[in-house]
Amino acid sequence: MIEKLKRRTFLSRTLAGAAGGILFGVPAMNWACSSGKKDQGETDSEGMILIPSGIFLKGTPLQQARKLSADNGYHESWITCESPEQEINLPAFRIDKYPVTNEQYERFCAETGHAPPSHWRVTKPPEAILRHPVSHVNHFDASAYAEWAGKRLPVEAEWEKAARGTDGRLFPWGNNFKSDACCWNRTGEDGVSTDPVDAHPLGASPYGIMDMAGNLFEWCSDGPGGRSCAFIKGGGWITTEILDLRSAARGNSGATNNANAFYGFRCVKEVLL
Amino acid sequence: MNSQIQFTGQPDGMNAQITRVPGFKDDLFNLNYPEAIGPTDNPRYHTTIKCSWKELENGDWKCTGKVEGILEYTIDVKVYKDTVDFYQKLTNQSMEIWSQTMAFNCFNNGSAVSVRDHECKRHWVRTRGEFRKLIELPRVFGPRPALQLYSVEGAPPGKDIPFVESFRSTPENTFIEGWMAIRSRDGNHLVATVSKPALYTFQNREYSCIHSAPSFGALKPGESGRAFSRLYFVEANLEDWYQRMKEELDVIDPTGDF
């Protein structure tokens, strides 16, 4: 127990220091996935990647949350909602390498008669956005798709582990923010929208999962209270605040019946032993 | 009336839209007036209210709403050059004494591209005599993290307003003035919502909406209360707008018979 606490304290301190590099101009460490593997997971026939069982660091150390808040003009309570950092042990699961695309969602609608998203042309998505993540879907739409696909929506912890690996890094690719690694509203101007799901290879997570930062916020199956609200994770094309693109960010949430222009999803599946 | 602003109310619901606002090119502002109304310990939601908007011959708009045997309300709307005014009247038609009343009026900026601010970085409030960005104020991680309610200076604290307390999203010991404003992306314009008297304020990152909730006071069975709300769509800096707003609201009597 003492060893575990020592290790955790060490990790918290170290990560707080490492995180400082990203937004404050201090040279940052590049964290490898704690498994030591640099290679990314293989995609299976369902377009999913295995996330191995084991402990990962979820959330944000209090000290780091306070520093991020102070250095970016926020009251600390906007970020300390992610604290404390916790060691979470998850069983193995598989997760979609990419968020569900318009093309995939079209097949679901065609087979099931499910209502298409409001921004499509009647029952088909515009050709130009076939490989973009499907948006304008609420929690119930996303859940219905997942069930049809024989999958389910991830809980926040699964989503976060798939996004940042085991070492508590800030972004899927590490602790340094890379503007080109995701689709976000870098200029704060109008006219930004989604990108194709494979447009940002620099944004791969330690497991090779793509688009876990930006493009669309992604529905999780759980939320902080009740069935009317669920976590949405990862930031989206509308995001102008780098802090909101962090994998641990949880200051946003979605009303489950809200099919927003910046909400999408991906699915997970159990690993059968 | 001298206004280009287009106000359009929905004939069979609470929704209204504001478009063609000078300085806010192509922006669409959605209103849900009110999403809930009545006593703060048991307000009636729009889903249970029969309400409708109607355009009057003089170009003004009027909304009437009713829950049989419980409440009745009217909202008279006047549109000006860069403001939209809401004169609201609530009548207690129940047999109960309402010690505290309110309207939950939503000013939704999610379709106003030049204004919307889902991250609250351009949201402004005023507390203890100072302008503050909303992100500088405490936030409570409640059951719906995207939204937050704030107690208003001079009004009861949020914990003493059952409707507010039910959200479990109001920071203690933080009181702001009864308005919220969002600066436009270009920094030259702002929109704001203000009420007199204001009971609490609200914002929701999900919709980029802001609320200034008017209070109708305590109402005995059969009694009516009145409140005033105004939306601003101005080309001005925060300080100049604030000065103007204070001067204008000082001379408005929300309890008057409008």
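This briefing describes the contacts, strands, helices and nonpolar cores of a predicted two-chain model, chains A and B.

Local features are reported only where pLDDT is at least 70, side-chain atom pairs count only at pLDDT 80 or more, and totals for chains, interfaces and linings use all residues. Residues are numbered from 1 along each chain as its sequence is written, while chains are lettered from A and ligands numbered from 1 in the order in which they are written.

**Interface between the chains**

- Contact here requires that the C-beta atoms of two residues, placed from the backbone, lie within 7 Å, and by this criterion 23 residues of chain A are in contact with 17 residues of chain B.
- Strand β7 of chain A (residues 253-255) supplies the largest share of the chain A side, namely three residues; helices (H or I, at least four residues) and strands (E, at least two) are DSSP runs numbered from the N terminus.
- The chain A side of the interface divides into seven nonpolar, twelve polar and four charged residues, where Ala, Val, Leu, Ile, Met, Phe, Trp, Tyr, Cys and Pro count as nonpolar, Asp, Glu, Lys and Arg as charged, and the others, Gly among them, as polar.

**Overall form of chain B**

- Chain B has two helices and 18 strands.
- The radius of gyration of chain B, taken over C-alpha atoms, is 17 Å and close to the 18 Å that the globule rule (2.2 Å times the number of residues to the power 0.38) gives for 258 residues, so chain B is as compact as a globular protein of that length.
- The C-alpha trace of chain B spans about 50 × 45 × 35 Å along its principal axes.
- Of the 258 residues in chain B, 49% are buried, a term that requires 20 or more other C-beta atoms within 10 Å of a residue's own, with 12 or fewer making it exposed, values in between making it partly exposed, and C-beta atoms placed from the backbone.
- Among the contacts in chain B with a separation of 6 or more, 60% involve residues 24 or more positions apart.

**Strand pairing in chain B**

- Strand β15(B) (residues 189-196) has seven of its eight residues buried, so this strand is largely enclosed by the rest of the structure.
- Strands pair if DSSP finds at least two bridges between them; β14(B) (residues 179-183) runs antiparallel to β15(B) and is joined to it by five bridges, with I182(B) opposite V191(B).
- These two strands, β14(B) and β15(B), form a hairpin with five residues between them, and G187(B) in the turn has a positive phi of about 80 degrees.
- Strand β15(B) is also joined by eight bridges to the antiparallel strand β18(B) (residues 224-235), where L231(B) is the residue opposite T193(B).
- Elsewhere in chain B, six bridges join the antiparallel strands β5(B) (residues 50-55) and β6(B) (residues 61-67), and W53(B) stands opposite C63(B).
- The hairpin of β5(B) and β6(B) has five residues between the strands, and G59(B) in this hairpin takes a positive phi near 95 degrees.

**Nonpolar cores**

- A nonpolar core is a set of buried Ala, Val, Leu, Ile, Met, Phe, Trp, Tyr and Cys residues joined through C-beta atoms within 7 Å; in the largest, of 73 residues, A181(B), V191(B), A192(B), Y200(B), A213(B) and Y232(B) touch the most other members.
- Strand β18(B) gives the most to this core, with six residues.
- Leaving aside residues up to four places away in sequence, A181(B) touches W124(B), L190(B), V191(B), A192(B) and L238(B).
- A second, separate core has 59 residues, including L68(A), Y105(A), A142(A) and W173(A).

**Helices and a strand residue of chain A**

- In helix α4(A) (residues 139-148), the residues H139(A), D141(A), A142(A), Y145(A) and A146(A) are buried.
- These residues cover an arc of only 165 degrees, taken from the directions from the helix axis to the C-beta atoms, which puts them on the same side of α4(A).
- The buried residues of α4(A) pack against α3 (102-112), β5 (217-219), β6 (229-233) and β7 of chain A, and G150(A), just after α4(A), takes a positive phi of about 75 degrees.
- Helix α5(A) (residues 156-164) has eight of its nine residues buried, so this helix is largely enclosed by the rest of the structure; G165(A), which follows α5(A), has a positive phi near 70 degrees.
- M48(A) lies in strand β1(A) (residues 48-51) and counts as buried, with 23 C-beta neighbours inside 10 Å.
- The C-alpha atoms of M48(A) and K269(A) are separated by 8.5 Å, although these residues are 221 residues apart along the chain.
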